Amino acid sequence: METIRQQLAGDLAGAKTPQDVENIRVKYLGRKGIVTLLARETDFSKLSAEEKKAFGGKLNELKAFATEHIAAAVEAAKQSGAAVQPQRELDLTMPGSNRMLGALHPITTTQLELEHIFQGMGFTVLRGPDVETEYYNFEALNIPGDHPARDMQDTFWLTNDMVLKTHTSANQVRALERFGAPFRGIFPGRCFRYEAIDASHENTFYQCEGVVVDKNISVANLIAVMKTLLSEVFRRDVKVRLRPGYFPFVEPGFELDLNCLICGGKGCATCGDGWIELIPCGLIHPRVLEYANIDPDEYSGFAFGLGLTRLAMMKYGVRDIRLFNSGDVRFYEQFAVTM
Ligand code: PHE
C-alpha cells in the first residue's frame, strides 16, 4: 500500500490538466482502479481479527489519502486554467506584446512648443484662473458694464457674478499688477464662451495671450515677434495679412490673419474665405496700463491673443474643432509623440 501511495503522489505531481487528474482518479479509484481492486480482491475470511483490523484500517487510510489528494488536484488544475490553455513551449523568437502608451493632446503639444519658442525670446510663462472676476475679464480691459463690446463675447456667468474667463486677456492686468514694467510674458489657457458649436466654434477652447511692456514699444516690435513666432511654429513661410481690428483694450488694434494651410487659401469649411483669423493684437490701451498701475507716458506695450486651438487645427490639418474635446481615442492616437 505504501508503494501505491507513492505511485499516486508521483502521478499527481505530473498531472497538468483536469483531464490528467481525471485519468488518475479512474486509475486508482475507478471501478477497476488499483485501490478499488485491492479492497475487492482481498479475501478477508483468511485474515485473523487483528489482521483484518490492521489491514482494513490501512486500506481506509489509503482511500482517504487518494480521495483527498485527487480532489485537491482537480481544484488546482481548474484554478490554473490549464484545461483551456494548452501547454506552450517558451518561444524566445516571438515578438513582444505591444504596450499602449498615452499621447499628449495635440493642443498640449502645440502649447508646449509655443512656450518653448517664447521662452527663447525671453518671455515668462504664466497661468491665470479659469473662474475670473468681472473686473479682470472686462473692466480692467476697458470694457465697462454698459459697453457694447461685452456683446462680442458670449459669456458664461456664474451665480456669484464671476465668469468663466472668455479670453486669456483676463490675465493681462493680473500679471502686470504683479510684475510691473518692463514685462514680457505669455499666458496660455482655457477659455469659455456660450457659443453655437460648429466646425470652427467650441464653447471651450484655448488661447495664448502675450504681453510685452517696455519703453518705446511700437507696432514694429509686434510685427517682428509675430513673424518670428509663425515661422518657428510652421517651419515654413506662411502668408499673413494684417487688417484693422477693434478691441477696447488695444489702440491701434489689428487682426492678423493666416492664409489657410488646409486648403491653401482657396476656401474650405474651416476657413471660409481662405483666411483664418489667428492673432488679434494691438498696442496696449493707455487705460489698461493705468489699471495695472503702469504710467502710460513712460511705458508702452503690445498684446496679442493667439488662438491656440485654431493654431493646432492649422498645424495638424484638423478640419473640425469638435474633435479636440470629443474624447475619441482614435483621434488622439494620431498625435502620439515621444517627448
Ligand atoms: N482677447 C481678445 C479675444 O479673445 C483677443 C485679443 C487679445 C485682442 C489681445 C487684442 C489683444 O477676442
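1. In this note, Ala, Val, Leu, Ile, Met, Phe, Trp, Tyr, Cys and Pro count as nonpolar, Asp, Glu, Lys and Arg as charged, and the others, Gly among them, as polar. By that division, the shell around the ligand holds 7 nonpolar, 5 polar and 2 charged residues. The model under discussion is a predicted one.

2. The surroundings of the ligand comprise 14 residues, and those that come nearest are His167, Ser169, Arg193, Gln207 and Glu209. Polar atoms of several side chains may be paired with ligand atoms, as follows. For histidine 167, a polar side-chain atom is placed 2.8 Å from a nitrogen atom of the ligand. For arginine 193, an N or O atom of the side chain is 2.9 Å from an oxygen atom of the ligand. For glutamine 207, a side-chain N or O atom likewise has an oxygen atom of the ligand at 2.9 Å. On its own the ligand has 330 Å² of accessible area, of which the protein covers 94%.

3. As to its location, the ligand sits in the largest pocket. Two or more residues of the shell around the ligand come from each of β5 (204–214), β8 (275–284) and β9 (300–307). The greatest contribution to this shell is that of β9, with 3 residues.

4. The largest pocket itself merits a separate description. Its volume is about 890 Å³, and 45 residues line it. Nearest the centre of this pocket lie Arg193, Gln207, Glu277, Pro280 and Arg310. Arg193 and Gln207 are also among the residues that come nearest to the ligand.

5. Which element gives the most to the lining of the largest pocket? It is β8, with 6 residues, whereas β9 gives the most to the shell around the ligand. At least two lining residues are supplied by each of β5, β6 (240–244), β7 (250–259), β8, β9 and α10 (308–316). In composition, the lining of the pocket divides into 21 nonpolar, 11 polar and 13 charged residues.

6. Enclosed space should also be recorded. Across the whole structure, the search finds 1 cavity of 30 Å³ or more; the space in the largest cavity is about 30 Å³. The residues that line this cavity are Ile107, Glu202, Thr204, Phe205, Tyr206, Thr309, Ile321, Phe324 and Asn325. They divide into 5 nonpolar, 3 polar and 1 charged. With 3 residues, β5 gives the most to this lining; β5 also supplies at least two residues to the lining of the largest pocket.

Terms used
Residues numbered from 1 in each chain as written. Predicted model: local features only at pLDDT ≥ 70, side-chain atom pairs only at ≥ 80, totals over all residues. Heavy atoms only, no water. Near = heavy atom within 4 Å. Polar contact = N/O pair within 3.5 Å; in protein donor to acceptor, adjacent residues only side chain to side chain. Areas by Shrake-Rupley, 256 points an atom, 1.4 Å probe, with all protein chains shown as cover. 1 Å grid on protein atoms, 1.4 Å probe; cavity = no way out; pocket = protein on both sides within 12 Å on 5 of 7 lines; lining within 4 Å. Sits in = over half its atoms within 2 Å of the grid points. Helix = DSSP H or I, 4+ residues; strand = E, 2+ residues; numbered from the N terminus. Points joined across faces, edges and corners; volume = space filled by probe spheres on them.
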